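Dear colleague,

I am passing on to you the structure shown below, together with an account of what was found in it. Please read the account alongside the sequence and the coordinates.

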Amino acid sequence: MNQSDASTKTTPDFLYQAQAGFYAYCTLKAAFDNAVFDQLQEPATCEELARRLDRSPVTVARLLEALLVLGLVCRTGEAFRNTPLAALYCESSSPLCQRALFEHTHATFGAPFYQSTALLRPAEQETLSDPLDSALGVAAGEAFVLPTILEDTLDRITGLNNFAQATSL
C-alpha cells in the first residue's frame with residue numbers, strides 16, 4: 001500500500017471514540033461522586049434532584065442530559081429515573097454495582113496518569129520507569145477488560161440449567 005492509499009483510509013474515528021469515552025468517564029464520575037443513581041431509584045425532577053444533592057439546577061440538568069445520552073437515565077415528562085442498566089450496574093444497593101471498580105480505576109490509573117502527563121517534563125528531568133509501572137500497565141488493561149469478562153461470565157452462568165431458577169448470583 002502506498003502512502004496515498006493509506007491516507008485515504010485514515011479517519012479521526014479513534015479521536016472521536018477517545019472523546020466519547022472521556023465524556024462518558026466524566027459523566028459517570030460526577031454521577032457516582034454525587035450518588036445520583038441512588039437518588040434516581042424513584043422518579044425525580046431536575047429541581048428535586050438539585051435540592052436533594054444541594055447542587056445548582058443548571059449543573060444537575062447538564063448531568064442529567066449526559067446521563068440521558070448514555071442511556072443511564074430515562075425521562076417521563078419532567079421526571080428522571082434510572083434505566084434498568086443503571087439500576088443493575090450503578091445503584092449502590094445492586095449486587096452488580098460497578099461503582100467500586102470505577103472508583104478504583106479512577107484512583108489507581110485515571111487521575112494519577114492524567115495528572116502525571118498533564119505537563120510533560122523535559123527529557124533530562126525524566127526518571128527511569130519503575131518495573132512496577134509495567135505491571136500496573138498490564139493490570140490497567142485487565143481492569144478495562146474485566147467488565148466485559150464479567151458480563152460474558154454472567155451470561156454463561158445464567159444460561160446453565162443449574163441456575164435457571166436462581167434469583168441472584
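The paragraphs below go from the overall make-up to the helix packing and then to single residues.

Please note at the outset that this is a predicted model.

**Overall make-up**

The protein contains eight helices and three strands. Read from the N terminus, its elements follow the order α-α-α-β-α-α-β-β-α-α-α. The protein has 169 residues, and 21% of them are buried. Its accessible surface amounts to about 12,000 Å², and carbon and sulfur atoms account for 60% of that surface. Of the contacts with a separation of 6 or more, 52% are between residues 24 or more positions apart.

**Helix packing around α5**

Two helix pairs are described here, and helix α5 (residues 57-69) belongs to the one with α2 as well as to the one with α4. Two packed helices are described by the angle between their axes and the distance between the axes.

In the pair with α2 (residues 13-33), the axes lie 10 Å apart and the packing angle is about 125 degrees. The two helices are therefore oblique to each other. The crossing of α2 and α5 is left-handed. On the α2 side the contact is made by Y23, T27, A30 and A31, and on the α5 side by L63, A66, L67 and V69. Seven of these contact residues are nonpolar and one is polar, while none is charged.

In the pair with α4 (residues 46-53), the axes come within 9 Å and cross at roughly 115 degrees. Helices α4 and α5 are therefore roughly perpendicular to each other. The crossing of this pair is right-handed. Here C46, L49 and A50 of α4 meet P57, V60, A61 and L64 of α5. The contact of α4 with α5 is made up of seven nonpolar residues, with no polar and no charged ones.

**Three buried residues**

Which residues does T45 contact, once its neighbours within four places in sequence are left aside? The residues are E78, A79 and F80. T45 itself lies in strand β1, which spans residues 44-45. Its relative accessibility is 19%, and T45 therefore counts as buried, the limit being under 20%.

C90 sits in the loop between α6 (84-89) and α7 (99-118). With a relative accessible area of 9%, C90 is buried. Not counting residues up to four places away in sequence, C90 touches F32, F37, L72, L85 and C97. One of these partners, F37, is 53 residues from C90 in sequence, yet the C-alpha atoms of the two are 6.2 Å apart in space.

H106 is located in helix α7. Its relative accessibility is 19%, and H106 counts as buried. Apart from neighbours within four places in sequence, H106 is in contact with Y25, K29, A111 and P112. Between H106 and Y25 there are 81 positions in sequence and 9.2 Å in space, taken from C-alpha to C-alpha.

**Two residues with positive phi**

Most residues other than glycine have a negative phi. Two residues of this model are worth a look in that respect.

A35 is not a glycine, and its phi is positive, near 55 degrees. A35 is placed in the loop between α2 and α3 (36-39). With a relative accessible area of 26%, A35 is partly exposed.

D54 likewise has a positive phi, of about 55 degrees, without being a glycine. D54 is found in the loop between α4 and α5. Is D54 buried or exposed? Its relative accessible area is 66%, and D54 is exposed.

**In brief**

Helix α5 packs against α2 at an oblique angle and against α4 in a roughly perpendicular way. The first crossing described, that of α2 and α5, is left-handed, whereas that of α4 and α5 is right-handed. T45, C90 and H106 are buried. A35 and D54 have positive phi values.

With kind regards

Key. Residues are numbered from 1 along each chain as its sequence is written. This is a predicted model: local features need pLDDT of at least 70, side-chain atom pairs count only at pLDDT 80 or more; totals for chains, interfaces and linings use all residues. Side-chain values use heavy atoms; hydrogens and water are left out. Axes are lines fitted to C-alpha atoms, for helices over the stretch in contact, and angles run from 0 to 180 degrees between N-to-C directions. Helices (H or I, at least four residues) and strands (E, at least two) are DSSP runs, numbered from the N terminus. Angles under 35 degrees count as roughly parallel, over 145 as roughly antiparallel, 65 to 115 as roughly perpendicular and the rest as oblique. A crossing is left-handed if the near helix is turned anticlockwise from the far one by less than a right angle, and right-handed if clockwise. Contact means heavy atoms within 4.5 Å. Ala, Val, Leu, Ile, Met, Phe, Trp, Tyr, Cys and Pro count as nonpolar, Asp, Glu, Lys and Arg as charged, and the others, Gly among them, as polar. Buried means under 20% relative accessible area, exposed over 50%, partly exposed in between (1.4 Å probe, protein chains only). Accessible areas come from the Shrake-Rupley method with a 1.4 Å probe; for residues, only the protein chains shown count as cover.
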